[in-house]
Amino acid sequence: HAGPGFNMASILEVCKNDIENALKLILETYKKGGKVLVCGNGGSAADSEHIVGELMKGFLSARTVTVV
């Protein structure tokens, strides 16, 4: 639940390095001809499906990514 004073940017700032490192690993994997496998069980399966959808969307239509 997002209460008063909720600030997504400050929450994501804590994870910034991990997110950037994950992106680098994914890009390196694709450049080397590899693939990224995503899986889950129950709610995690739904999260995994959503992540794959977000990744695939970039292949189907061009979009700009802004790094803050």
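The chain exposes about 6200 Å² of accessible area, and carbon and sulfur atoms supply 61% of that surface. The structure shown here is a predicted model. Its secondary structure is quickly told: the chain has 2 helices and 0 strands. Of the 68 residues in the chain, buried residues make up 1%.

A good place to start on this surface is its nonpolar patch. Seven names are worth finding in the structure: Y30, V36, V38, I51, V52, L55 and M56 together form a nonpolar patch with about 510 Å² of accessible area. Helix 2, which covers residues 43-60, gives the most to this patch, with 4 residues. Helix 1, spanning residues 8-31, is represented by Y30. With a relative accessibility of 33%, Y30 counts as partly exposed, because partly exposed residues fall between the 20% and 50% limits.

The loop between helix 1 and helix 2 also takes part, since V36 has its place there and belongs to the patch. V36 has a relative accessible area of 31% and is therefore partly exposed. Setting aside residues up to four places away in sequence, V36 touches I26, T29 and Y30; one of these, Y30, is itself a patch member. Looking towards helix 2, the C-alpha atoms of V36 and V52 are separated by 9.3 Å, with the two residues 16 positions apart along the chain.

A contrasting case is offered by S48, a residue of helix 2. S48 has a relative accessible area of 8%, so it is buried, as this value is under 20%. Within the helix, the side chain of S48 reaches the backbone oxygen of S44 at a distance of 2.8 Å. Beyond its neighbours within four places in sequence, S48 is in contact with V38, C39 and G40. Among these partners, V38 is part of the nonpolar patch described above.

The cysteines deserve a brief look as well. A disulfide is a covalent bond between the sulfur atoms of two cysteines. A search of the whole structure finds 0 disulfides. C39, one of the contact partners of S48, has a relative accessibility of 72% and therefore counts as exposed, being over 50%. C15, by comparison, has a relative accessible area of 32% and is partly exposed.

Notes
Residues numbered from 1 in each chain as written. Predicted model: local features only at pLDDT ≥ 70, side-chain atom pairs only at ≥ 80, totals over all residues. Heavy atoms only, no water. Patch = residues over 30% accessible without salt bridge, like charges linked within 9 Å, V, L, I, M, F, W, Y side chains within 5 Å. Areas by Shrake-Rupley, 256 points an atom, 1.4 Å probe, with all protein chains shown as cover. Salt bridge = Lys/Arg side-chain N within 4 Å of Asp/Glu carboxyl O. Buried < 20%, exposed > 50% of the residue type's maximum accessible area, 1.4 Å probe, protein only. Disulfide = S-S within 2.5 Å. Contact = heavy atoms within 4.5 Å. Polar contact = N/O pair within 3.5 Å; in protein donor to acceptor, adjacent residues only side chain to side chain.
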